[in-house]
Structure formats: C-alpha cells, structure tokens
Amino acid sequence: MPAEGTPRATLSGLELVWSPRCESHRPAAEVWVGVPTPAVEGPERVETIRRALLAAGARPREAAEQDDAVLRVVHDAGLLDYLRRAHRDWVTAGLTETPGQAQVVPYVFPTPGLLEGMPLREATAVAAQAGRWCYDTMTLVGPGTWEAARAATDVAQAGAQLLLDGARLVYALTRPPGHHATRSAFGGSCYLNNAAVAAEVLRRGGVSRVAIVDIDAHPGNGTQSIFYDRGDVLYASVHVDPGAGWFPHYLGFADEQGLGAGLDATLNLPLAPGAGDAEWLHAVRLIRSVVQSFSPGAVVVSLGVDAAVDDPESPLRVSEEGYRETGRALAGIAPVLAVQEGGYHLPSLGRLVVATLAGLAG
Ligand code: SP5
Ligand code: ZN
C-alpha cells in the first residue's frame, strides 16, 4: 500500500479527547409523531469513531471532570438543574410504573401561544415539567443522560484547553451532540451545547474572536441563538434547507444573520435536498472566505457527518472525498477544534470523521 493511503499515517499524533462517560446516555427511542422509533444517536457511535481514529494514528486523551463555571455562562441554571434531576424525579413520581415510560418524554409544552402573555409557572406534575425545557419528543432523558451530556462538555472544554495550550488541531469526541441545545432548552438529540462551551472557554482563555463552522447536515440553532447578538463569536453553517421540510423546521434560514453587535456574524447556507459535493463545497468555500475575513484566533468546527450520502437523517449526498475536501477548505485559517455533532450511518461513520480530520490536518 502506498504510504499516502495507509490509515496509520493519516492522523498520526492527532489529539483525540474523549470520555467513557459519554456512553452512559442510552436513549430508549426517539418518539416521533407519537410513535417510538429506534434511537439513532446511540453509544456505539463513540466506539465506532474512536476505533477509526485510533487506527489512523490519533493519540487518545481522557477528559477530566470540570466544574460548572462555563456551563453556567452558556446555559440557564434552570436547564442544568432540570437535566440533573429529571430522570430521578421521573422514577420517584412512579412514571416508569404508570404509565410505564422508562425515560423522560415531554407531554405538554408551555409555548407562547399557550401562555398568551400570562406568567410561566412551575408545573407541579413531574410529567408536565419536561416540556418547559425540551422542545421536541425525540430527545429522551434516561438514567445516564446527565452524566454523558456533562461528560461531553468536559471533552469540549479539555479540547479547547489544548488549543489554548498551543495545539493546532484537536478532535473532541463529544456525545451526545450539542448544537441544537439552546441556552435554556434541549432537543434534536442534544442536551448541552458542546461547541458553545468550547467557544466560551476559548474566549475566556484570551482568544478575542472565535469562529464556529457548523458542517452538520442540520443547522445548529442552539449555537446560533447563544451567540446571535455577539460580534466576538461568528457562527456559520451549511445544512439542508429547513424550508424544504427538514429538522429543525423553524430555524436555519438564510435571512437569519445576527442581531445588534452580532449582525452579520451569523451565516446560514441552506442547501436543497439531494445536493452533493459540488453544491456543498461551494457553500463550504464561501464560509471559508467569510471566516477568513473575520480573522479568528481559533475555529471550532461542529463536525457532524450526517450530510453523507448514506446517512439516514438527511437527504444531502456528500461523499467521503467531499468531507476530506471540506476539511482542507477549513484548514490554515487558525487553530481548529473539531467537536463531534451528528452522523448516524455506523458503517461509514468512522471513515467520514477520519477523512474530514485528514483534510483539516492538511
Ligand atoms: C445532532 C443532530 O444531528 N440532530 C439531528 C436530529 C434530527 N432528528 C430529526 C428526526 C426527524 C424525524 N425523523 C423521523 C425518523 C423516524 N425514525
Ligand atoms: Zn445533524
């Protein structure tokens, strides 16, 4: 085999930050239009990706537990407190027995249309509390969810710290993913926003401008909203057009461009379903030029690979070579922290992540 093509050489020495605690979240299902469907965001994703990266020569490093300081900057304290106790309270309330639901699934949502200006109260019934913090029915909370979501933010923080210590490229194997989690709500298989936490660590560590480039097939509505009115953190995303009927349906449109000090520091590039490498890379290169003009001190890549042709969660058709080229396009602007988001086709998941990182490694 030619040296260039051997996996071992591809990612030799790359810092791979991970945590075994990321596997303790074991969603029982994704409840979609009321029907429990198989959970695609499972713990096996971590092992699959880890194995592929180790085979490609990455150097693993286990993230230590961090305190709550940065989490409390990024998220509402109420969300953190809720996630910490949600499953315990669910069990104590007897909901695992009657009606026999093992994991937390929301039931009533206090939307603006329900409240019509009336104050938001604390629901007494445990079954009614989830809808205060979760915006869909697909993002279940089980006994290990808090530990794993928390561990994923530890991984993101440790990765950001390595960048502050001088690394040029670091991969954070975060799971569950984070980019759909807003300051005060979870959803879209995401609980805590790992990329936002990483960006905040970089900012607090002295990086004055951070660019977040989101290449997951879905727009990172949570990351976007957390930084929407800030000019110090650029958010740019390429994704399948929510207006064509894709999650998260209500956000990720091209006219969402930031607000106040953050005006023009948000970029959404929606693609039509069926778009492949050509359209995808055109958007990625546009993002590259926007990020370059922003001259960030660090780039956080929200690295989802669910735009891949075989992925069950999006209709985009990006190839493995397309991911390698995506990595190449985003390299060389500033040090990069890649944070794992989605990607659900287990047979190709590992090599898609390796290809992207190989491109980023230049
Ligand atoms: C991090 C990430 O990639 N989250 C994406 C979550 C999108 N899930 C949307 C699921 C929409 C309904 N799918 C129905 C499939 C039935 N099994
Ligand atoms: Zn996604």
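In this text, helices (H or I, at least four residues) and strands (E, at least two) are DSSP runs, numbered from the N terminus. With that in hand, let's work through a few exercises on this predicted model.

**Exercise 1. Find the loop that holds P176, and describe the peptide bond that leads into P176.**

Step 1. Start with the position: P176 belongs to the loop that runs between strand 5 (169–172) and helix 8 (194–204).

Step 2. Now look at the bond from R175 to P176, which is cis, with omega near 5°.

Step 3. Stay in the loop between strand 5 and helix 8, since S189 lies there too. S189 is not a glycine, yet its phi is positive, at about 70°.

**Exercise 2. Locate P248 and give the omega of the bond between F247 and P248.**

Step 1. P248 sits in the loop between strand 7 (233–240) and strand 8 (266–271).

Step 2. The bond that joins F247 and P248 is cis, and omega is about 5°.

Step 3. Keep F247 in mind for the next exercise: F247 is among the residues that lie nearest the centre of the largest pocket.

**Exercise 3. Characterise the largest pocket by volume, lining and occupant.**

Step 1. The volume comes to about 720 Å³.

Step 2. Count the lining: 33 residues line the largest pocket, with W32, D136, M138, F247 and H249 nearest its centre.

Step 3. Sort the lining by class, which gives 15 nonpolar, 12 polar and six charged residues.

Step 4. Ask which element supplies the largest share of this lining. Strand 2 (residues 30–32) does, with three residues.

Step 5. Finally, the occupant: ligand 1 takes up the space of the largest pocket.

**Exercise 4. Describe the surroundings of ligand 1 and its polar partners.**

Step 1. List the shell. Ligand 1 is surrounded by 15 residues, and W32, H180, G188, D306 and Y344 are the closest.

Step 2. Classify the shell: six residues are nonpolar, six are polar and three are charged.

Step 3. Check N and O pairs against the cut-off of 3.5 Å for a polar contact. For Y344, a side-chain N or O atom is 2.6 Å from an oxygen atom of ligand 1. For H218, a polar side-chain atom lies 3.4 Å from an oxygen atom of the ligand. For E313, the partner is a nitrogen atom of ligand 1, at 3.5 Å from a polar side-chain atom.

Step 4. Add the surface area: ligand 1 taken alone exposes 500 Å², and the protein buries 80% of that.

**Exercise 5. How many cavities of 30 Å³ or more does the structure hold, and which residues line the largest cavity?**

Step 1. The structure holds one such cavity.

Step 2. The space in the largest cavity is about 40 Å³.

Step 3. Its lining is made up of H25, P27, E30, E41, M138, T139, L140, S189 and Y191.

Step 4. By class, that lining divides into four nonpolar, three polar and two charged residues.

Step 5. Two names link back to earlier work: M138 is also one of the residues nearest the centre of the largest pocket, and S189 is the residue with the positive phi.

Notes. Residues are numbered from 1 along each chain as its sequence is written. Chains are lettered from A and ligands numbered from 1 in the order in which they are written. Side-chain values use heavy atoms; hydrogens and water are left out. A residue is near a molecule or strand if one of its heavy atoms lies within 4 Å of it. A polar contact is a pair of N or O atoms within 3.5 Å; within protein, one must be able to donate a hydrogen and the other to accept it, and residues adjacent in sequence count only if both atoms are side-chain atoms. Accessible areas come from the Shrake-Rupley method with a 1.4 Å probe; for residues, only the protein chains shown count as cover. On a 1 Å grid over the protein atoms alone, a cavity is a set of points where a 1.4 Å probe fits but cannot get out, and a pocket is an open set with protein on both sides within 12 Å along at least five of seven lines; lining residues have an atom within 4 Å of a point. A molecule sits in a cavity or pocket if more than half of its atoms lie within 2 Å of its grid points. Ala, Val, Leu, Ile, Met, Phe, Trp, Tyr, Cys and Pro count as nonpolar, Asp, Glu, Lys and Arg as charged, and the others, Gly among them, as polar. Grid points are joined across faces, edges and corners, and a volume is the space filled by probe spheres set on the points.
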